[in-house]
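Let's take a walk through a protein model together. Keep the picture open and follow along as we go from one region to the next.

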Amino acid sequence: MSLPLLVFALAGAPEIVTDRRLDTLPAHPKAAFTKAAKLIGETELTLAEAKIGAKELRRLARPPASEPLLRWVREQIGRPVDLEDFIYFLDDLLAMPDRPRTLSVPASRARAYGILLHPQEVFAGKARRYGTYGKLPVDDPPSQLDLAPARDGEVPGPRWTARYQQPMTDEGKLEELTRLQPRFGRAMTTLFEQLKAQGAFTWIEAAVRPRERGFLLYGSWFVSRAPDPAALAARIKTLNTYEKDWGLDVPITWQHPDGFRATVEAARAMADTYGVDYATPRGARRSSHYGGRAVDIVAVDLPRTLKLVAPDGTRRVFDLSRPEASRDLSLSPKLIDWIEGAFGIKKLRKDYPHWSRSGR
């Protein structure tokens, strides 16, 4: 599904006006990082859980003489940064009026806006160009652990992510998966533990998911991308029809009383808290997650040399040291191909973290 990425921010919510001009920084990355370090002051950016401030920018500007700059930047940040678009983003951040001291761009948002590599770029050859998706919210989604569940009748918002909850720890998610699907659960647990033991930054976004949670996850994403009031009304009508046809009873009020922009922004905040940047009605209705046949795994900052052992004992060593390597499990085609065959699982390539028995 290809839809325009339109985001509206509530009054007072921090956002960056994006473009593809360099108004403050020079084009050369090392010079850009040096200048950004001088101008950023006490502002600290959290980019996909990685902290970036003046000290980190100075380090990015000083790679060893023999070190390719792209590999250096990706290793220092620990994320598959699109180097050119990252510079455009820093330039816009520095131009932000009344810049707050702390800014946050979660991984799902960073991929959607082109700051990090997106599956479209890796598997479909479709570029995501930063600066072509409108204003970029830089608020920090709340932790689901800290939220009280939404009450019946509430409008969209982060509190819905605390309702119809799943286990909160990686171990709990994998244990529930293994209870329902022993062979699949053991394979995913073995893979996850090997990646973690070799220093990758890892977590489980989802495993076994209640159907109501899947409906809300999709609905928040769908509503957040409504381009105008008429489209919003049509989308809410569609969601109400889905809820009835799918035999669900989810007591959410999709329309915010303050109108179109408030509704879209509330849904955007909800989708960001879920961490979703891709969803389909088919997935919401018949997701592999509902029966424990899917798991969403994130593993970034993989080592230059990765050693894996399949459930049958087959061993494989992967050289991930190439400067252009993403060092991201979900964006590494050859690594994915081998894991699929060796572990008997499937990767849904267009859905960033999704692995399953069935390929859905």
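## A sheet with two open edges

Start with a pair of facing residues: D296 sits opposite H354, which belongs to strand 11. Keep in mind that what you're looking at is a predicted model. The two strands involved here are strand 7 (residues 294-300) and strand 11 (residues 354-356), and three bridges hold them together in the antiparallel sense. Zoom out a bit and you'll find that they're part of an open, antiparallel sheet of four strands, in the order 6-7-11-10. Strand 6 (201-206) and strand 10 (346-347) are the edge strands; each has a single partner strand, so one side of each has no neighbour in the sheet.

Now look at W355, another resident of strand 11. Is W355 buried or exposed? Its relative accessibility is 0%, so W355 counts as buried. For a sense of distance, try L60: W355 and L60 are 295 residues apart in sequence, and their C-alpha atoms are 33 Å apart in space.

## A hairpin with two faces

Next up is strand 8 (residues 305-309), where the side chains alternate. L306 and L308 point to one face and are buried, while T305, K307 and V309 point to the other face and are not buried. Strand 8 runs antiparallel to strand 9 (residues 315-319), and five bridges join them. If you want a landmark, find K307, which stands opposite V317 in strand 9.

How many residues lie between the strands of this hairpin? There are five residues between strand 8 and strand 9, and in this hairpin G313 has a positive phi near 95°.

## Two residues with an unusual phi

Here's a bit of background: most residues other than glycine have a negative phi. With that in mind, check out E49, which isn't a glycine but has a positive phi near 75°. You'll find E49 in the loop between strand 2 (44-47) and strand 3 (50-52). E49 has 57% relative accessibility, so it counts as exposed.

D98 is also not a glycine, and its phi is positive too, at about 50°. Where is D98 found? Look in the loop between helix 4 (83-94) and strand 4 (102-105). With a relative accessible area of 78%, D98 is exposed.

## Helix 3 and its arginine

Helix 3 (residues 69-77) is home to R74. You might wonder whether to look for R74 inside or outside, so here's the number: its relative accessibility is 8%, and R74 counts as buried. Which residues does R74 touch, leaving aside those up to four places away in sequence? The answer is R79, P80, V81, L117, P323, E324, A325 and S326. Take S326 from that list: S326 and R74 are 252 residues apart along the chain, yet their C-alpha atoms are separated by 7.8 Å.

R74 has company, as the buried residues of helix 3 are L69, R71, W72, V73, R74 and I77. Their cover includes helix 1 (29-39), strand 3, helix 2 (54-60) and helix 4. After helix 3 comes G78, with a positive phi near 80°.

## Helix 13 and what it packs against

Now jump to helix 13 (residues 333-343), where L335, I336, W338, I339, E340 and F343 are buried. What do these buried residues pack against? Their partners are helix 6 (119-123), helix 8 (182-197), strand 8, strand 9, strand 10 and strand 11. So here you meet both strands of the hairpin again, strand 8 and strand 9. Helix 13 is followed by G344, and the phi of G344 is positive, near 65°.

## Stepping back

Let's finish with the whole protein, which has 13 helices and 11 strands. With 360 residues, a compact globule would have a radius of gyration near 21 Å, and this protein agrees, with 21 Å. Along the principal axes, its C-alpha atoms fill a box of roughly 60 × 55 × 35 Å. Of the 360 residues, 54% are buried. Now take the contacts between residues at least 6 apart in sequence: 70% of them join residues at least 24 apart.

What about the outside? The accessible surface comes to about 16,000 Å², and carbon and sulfur atoms account for 50% of that. As for charge, there are 55 positive and 45 negative charges, and their mean positions are 4 Å apart.

Terms used: Residues are numbered from 1 along each chain as its sequence is written. Side-chain values use heavy atoms; hydrogens and water are left out. The radius of gyration is taken over C-alpha atoms; the globule rule is 2.2 Å times the number of residues to the power 0.38. Buried means under 20% relative accessible area, exposed over 50%, partly exposed in between (1.4 Å probe, protein chains only). Contact means heavy atoms within 4.5 Å. Accessible areas come from the Shrake-Rupley method with a 1.4 Å probe; for residues, only the protein chains shown count as cover. Lys and Arg count as positive and Asp and Glu as negative; His and the chain ends are not counted. The place of a charge is taken as NZ of Lys, CZ of Arg, CG of Asp or CD of Glu. Two strands pair if DSSP finds at least two bridges between them.
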